[in-house]
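Biologist: I am new to this structure and should like to understand the terms used to describe it. May I put some questions about how each term is justified?

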Amino acid sequence: MFFSVFKQIALMLLFVFFGYFVMRVGKAPNDASKIFSKVEKNFVLPIYLFLSLMNNFTFEKLKENLRLVIIGIVLVILAVIIGTACSFIVCKTPKNRNVFWYAFTLSNYGYFGYPLIEAVFGAEVKAIMVMIAIPYMIFNYSIAVRILEGKREKTKHKVNIPMTLVGLFFGILAGLFMSSKAKDITNGLLIGISSCMSPMAMVLLGMSLGSLPFKKIFTSSKSYLVSFIRLLVIPYLVFLVAHLVGLRGYELLIVTLLPAMPVGMNIVVFYKGEEKDRYVGAQSCFLSVILCLLTIPFVAMIVTQVFGIV
């Protein structure tokens, strides 16, 4: 478990340090992070969402895994309740609460969670996680990122539809109605672009931290508090509720580990609030990635050893 987590962290930090380095040495223009963010959320991310739903949101998989999807819906509701409560505790100012609400509600379950679960527990357990995370993903990119962004700018002459919603909508349609052969062709054409989603988010995180001296990245006490709540407190609360309602086995493991992943990287892609909160959000993303080297094996060990899952 430790080696698998370390390998994933090392890969993520490589991209983060690259983004940080190019900003610190002045090899990128000052607005590079804004350009990167626009490309990520308007092009790469919608394609990633489209392919994810096209491959998993099918009549066959939904019928076979209806229980897992329902568990995912309940998990989303629980995440919103816990995330909202934690954000009120940590941030007293309503207008600055968006970034903290998102940090406590959504984790980095995709880029970090999927490969980690597959490496440690195998493809079958990863498939369970993917189905449970479908409601999580739809909520994330239809509602949560809109809350994170805050009020959108109004335009007089056109309707500004978020591209993430376009990716979700057409991904659901493709998953339900596209033929298998057409899906194979589409995967072949778009998988390369989709795979850029997470590395670009890591580079963007490094760029967002680029204006800070390296030592200052580690000096925000609020970032440590956010990371502690994200990595340990929230998984423990979810575990208690899941156990009380009767979840056992790999279902219990997944619903506990899914919120135990680091702070979601969409904070650095979508958040447009005050600069100090943006830095706290970026620092929390970075610190939670490093700290989860210890916390994820700890959380997984408790669940697996106490309940004899593996």
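**Cavities, a pocket, salt bridges and a surface patch**

Modeller: Let us begin inside the protein, in what is a predicted model. The largest cavity is lined by 18 residues, and those nearest its centre are N108, G110, Y141, M197 and N266. Its volume is about 190 Å³.

Biologist: What makes a space a cavity and not a pocket?

Modeller: Rolling a probe the size of a water molecule over the atoms shows where empty space is left. In a cavity a 1.4 Å probe fits but cannot get out, whereas a pocket is an open set of points. By this rule there are 2 cavities of 30 Å³ or more.

Biologist: Which helices supply the lining of the largest cavity, and what is the character of its residues?

Modeller: At least two lining residues come from each of α2, α6, α7 and α10. Helix α10 has the largest share, with 4 residues. The lining comprises 10 nonpolar, 7 polar and 1 charged residues.

Biologist: What is known of the second largest cavity?

Modeller: The second largest cavity holds about 30 Å³ of space. Its lining includes L75, F104, Y136, R230 and P259. Helices α4 (66–90), α5 (98–105) and α11 (221–244) each give at least two residues to this lining, which divides into 8 nonpolar, 1 polar and 1 charged.

Biologist: How much space lies in the second largest pocket, and which residues are closest to its centre?

Modeller: The second largest pocket contains about 670 Å³ of space. It is lined by 27 residues, with S52, N56, Y114, K126 and V130 closest to the centre. Helix α7 contributes the largest share of that lining, 7 residues. By kind, the lining has 14 nonpolar, 10 polar and 3 charged residues.

Biologist: Why is the contact between K41 and E149 called a salt bridge?

Modeller: Side chains of opposite charge can pair when their charged atoms come close. The cut-off is 4 Å between the nitrogen and the carboxyl oxygen. For K41 and E149 the closest N and O atoms are 3.5 Å apart, so the pair meets the definition. K41 lies in helix α2 and E149 in helix α7, so the salt bridge ties together parts that are 108 residues apart in sequence.

Biologist: How do you know that K41 and E149 are buried?

Modeller: Buried means under 20% relative accessible area. K41 has 12% relative accessibility and therefore counts as buried; E149, at 7%, counts as buried too.

Biologist: What makes K41, R146 and E149 a network?

Modeller: E149 pairs with K41, and E149 also forms a salt bridge with R146, where the closest N and O atoms are 3.1 Å apart. The three residues are thus linked in a network of salt bridges. R146 and E149 both lie in helix α7, about one turn of the helix apart.

Biologist: Which residue pairs with E251?

Modeller: E251 forms a salt bridge with R67, at 2.9 Å between the closest N and O atoms. E251 is in helix α12 and R67 in helix α4, so the pair ties together parts 184 residues apart in sequence.

Biologist: Why is F59 called partly exposed?

Modeller: The class lies between under 20% and over 50%. F59 has 47% relative accessibility, so F59 counts as partly exposed. F59 is in helix α3 (residues 59–64), and joins F169, F170, L173 and F177 in a nonpolar surface patch of about 550 Å². Helix α8 (residues 163–177) gives the most to this patch, 4 residues.

Terms used. Residues are numbered from 1 along each chain as its sequence is written. This is a predicted model: local features need pLDDT of at least 70, side-chain atom pairs count only at pLDDT 80 or more; totals for chains, interfaces and linings use all residues. Side-chain values use heavy atoms; hydrogens and water are left out. Patches are made of residues with over 30% relative accessible area and no salt bridge: like charges are joined within 9 Å, nonpolar side chains (Val, Leu, Ile, Met, Phe, Trp, Tyr) within 5 Å. Accessible areas come from the Shrake-Rupley method with a 1.4 Å probe; for residues, only the protein chains shown count as cover. A salt bridge is a side-chain nitrogen of Lys or Arg within 4 Å of a carboxyl oxygen of Asp or Glu. Buried means under 20% relative accessible area, exposed over 50%, partly exposed in between (1.4 Å probe, protein chains only). On a 1 Å grid over the protein atoms alone, a cavity is a set of points where a 1.4 Å probe fits but cannot get out, and a pocket is an open set with protein on both sides within 12 Å along at least five of seven lines; lining residues have an atom within 4 Å of a point. Grid points are joined across faces, edges and corners, and a volume is the space filled by probe spheres set on the points. Ala, Val, Leu, Ile, Met, Phe, Trp, Tyr, Cys and Pro count as nonpolar, Asp, Glu, Lys and Arg as charged, and the others, Gly among them, as polar.
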